[in-house]
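Subject: Structure handover

Hello,

Here is the structure for you to look through. My notes on what was found follow below it.

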Amino acid sequence: MMIRFAIIPLLLALNFSMCKRHESAANSSQPATSSPAAGSPAVAPAASPPKITKAVVDQTAQTIIFCYHRLVDKVRYPGTEITPADFEAQMKLLKDSGITVISMQDLLAWKRGEKNIPPRCAVISFDDGWKSQYEVAWPIMKKFGYPFTMFIYTEGVRGGSLGGGEAITWEQLADMRDNGVDIEAHSATHQDLREGHNIMLAAPGGKKTRTKLNGPEYQKWVQNEVVGSKELLEQRLGIKANCFAVPFGNYNEHVKELARNAGFEAMFTVYGQPITYTSPLDSLGRYAIEANKPKVFVDAVKMISTSSGGASAVAEVGAANLSTQPADGETVRTALPLIKANLSRVGAIEPGSVQMRVSGLGVVPVSYDPKTGTASYQVTQKLRGTSCTVILSAKSEGKKVEAHWTFGIDVGAAAPASAAAKATTTPKKK
Ligand SMILES: [Zn+2]
């Protein structure tokens, strides 16, 4: 197995912390020298801030988008339900894997080239508007400080023709909106949006009929599904909705065009895939997480925690080049190993820039010896599980370098922890 090195210009890292929205403000305003405001002292050119053009973004970053439905203690419909405990464990795994949860709007700003994002990100979304998303998921998301997006079909909100007792209410959505939750569109009645497909129509009296619509009747219906639902959401909540999650992922060019014309910037399906800088905005795949397919989540995380971004910015080196300890693929007999890597072959390392992440622990207080180029951390809190991934990053000559490796832990065979930890630090007998 190889250790992968992602080398990203330092500029990118700087831009990440720098820009929120001000570059768009800078773009829309006139240069200070040509338009001193009337009645105010003219601004000396030397005092004006440096002109901000477009942010330089890391085009090798990758994002996985997850889609959840109901959170329930007892799963009866594994296709759309998950227990709160499993959900929370998944949120924790993202953190432990060094994946940053970002908002959908940050993802889109990055796609527009306006804002940088960390190299490996996830976006969390909840579909359909269930009250368990408000009552159960939201508190968990708050605990982690994660932003998220709600995809709402308007007739499924409580009081709508499809909004039953488990549905979220407009008041709950307003509460989420007030606390920074992103609320986006997911049609009006959650059906196949393609012409001539089976749909269910609800008459005002509540009577439902199964039918297929074509021609002008279909046009009127689909207009309401795509455009009408957006307008209703925007009017009820006083928001701007720029994302459209296509029900079941069933759409075609006509539906895409309608959505684009309505002002949707991005459209989402349920065919999960890592989102890259060049992924088309009208078909961003999300991973739908189901209780009976936990592997979907794990595999998605693996997709970006082991793959690097763009080809040109990445150099791969063999594990031996970093002399990692424990080595990549090695199995140690202690839950308290000493973790070490030698960065001397990477080049000049900025001493304060070395950071180590350990799965299950997060960022750890790594020590770095500039003389030997050794980064090391003695684990003091027992590692759980049978494997552990280390992510080591540093800045070298204006570039960010990062290495990942994984070792196994065989606790069953562990000698007393302190002795085993010591053994790993002892060099071979000469
Ligand atoms: Zn849905």
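Buried, in these notes, means under 20% relative accessible area. By that rule both F144 and Y146 are buried. Please keep in mind that this is a predicted model.

Overall figures

The chain has 430 residues, and buried ones make up 46% of them. Its secondary structure consists of 10 helices and 24 strands. Among contacts with a separation of 6 or more, 67% come from residues 24 or more positions apart. The exposed area of the chain is about 21,100 Å², with carbon and sulfur atoms supplying 54% of it.

Zinc site

Three protein donors belong to the zinc ion: D128 through OD, and H186 and H190 each through NE2. They lie 2.1 Å from the ion. Along the chain the donors follow the spacing D-x57-H-x3-H. D128 sits in the loop between β7 and α5 (131–144), and H186 in the loop between β9 and β10 (198–202). These two are 58 residues apart, so the pair links distant parts of the chain. With a relative accessible area of 2%, H186 is buried because it falls under the 20% cut-off. D128 has 10% relative accessibility and also counts as buried.

Helix α4

Helix α4 covers residues 104–111, and 8 of its 8 residues are buried. Among them are M104, L107, L108 and W110, but the list also includes D106 and K111. What lies over these buried residues includes the strands β3 (62–68), β7 (120–127), β8 (149–152), β9 (182–185), β12 (243–245) and β13 (266–269). After α4 comes G113, which has a positive phi, near 80°.

One contact to this helix can be followed from T63, a residue of strand β3. T63 touches L107. Leaving out residues up to four places away in sequence, T63 also touches I102, I117, C121, A122, V123, Q273, P274 and I275. Its relative accessibility is 0%, so T63 counts as buried.

Nonpolar cores

Which residues touch the most other members of the largest nonpolar core? They are F66 and L94, in a core of 57 residues. Helix α7 (residues 215–237) gives the most to this core, with 7 residues. A second, separate core has 26 residues, including L322, V332, V401 and W405.

F66 and L94 are also in contact with each other. Neighbours within four places in sequence aside, the other contacts of F66 are A122, V123, I124, S125, Y287, I289, F297, A300 and V301.

Aromatic pairs

A search of the whole structure gives 12 aromatic pairs. In one of them, F126 and F148, the ring centres are 5.3 Å apart and the planes are at 85°, so the pair is edge-to-face. F126 belongs to strand β7 and F148 to the loop between α5 and β8, so the pair ties together parts that are 22 residues apart in sequence. Both F126 and F148 are buried. The pair F144 and Y146 has its ring centres 5.1 Å apart and its planes at 25°, so this pair is stacked.

Ring pairs also link F126 and F148 with Y68 and F87 into a cluster.

Charges over rings

Two lysines are worth listing here. K142 lies over the face of W138, at 3.9 Å from the ring centre. K230 has its charged end over the ring of F264, 5.4 Å from the centre of that ring.

H254

Is H254 buried or partly exposed? It is partly exposed, with a relative accessible area of 31%. H254 is placed in helix α8 (residues 253–262). Outside its neighbours within four places in sequence, H254 is in contact with Y218, Q219 and V222. H254 and L193 are 61 residues apart in sequence, with a C-alpha to C-alpha distance of 9.5 Å.

Regards

Notes. Residues are numbered from 1 along each chain as its sequence is written. This is a predicted model: local features need pLDDT of at least 70, side-chain atom pairs count only at pLDDT 80 or more; totals for chains, interfaces and linings use all residues. Side-chain values use heavy atoms; hydrogens and water are left out. Buried means under 20% relative accessible area, exposed over 50%, partly exposed in between (1.4 Å probe, protein chains only). Helices (H or I, at least four residues) and strands (E, at least two) are DSSP runs, numbered from the N terminus. Contact means heavy atoms within 4.5 Å. Donors are N, O and S atoms within 2.8 Å of the metal (3.2 Å for Na, K and Ca); water is not among the atoms, so sites may look incomplete. A nonpolar core is a set of buried Ala, Val, Leu, Ile, Met, Phe, Trp, Tyr and Cys residues joined through side-chain atoms within 4.5 Å. Accessible areas come from the Shrake-Rupley method with a 1.4 Å probe; for residues, only the protein chains shown count as cover. Rings of Phe, Tyr and Trp (its six-membered ring) pair if their centres lie within 6.5 Å; planes under 30 degrees apart count as stacked, over 60 as edge-to-face and the rest as tilted. A charge sits over a ring if NZ of Lys or CZ of Arg is within 6 Å of the ring centre and within 35 degrees of the ring normal.
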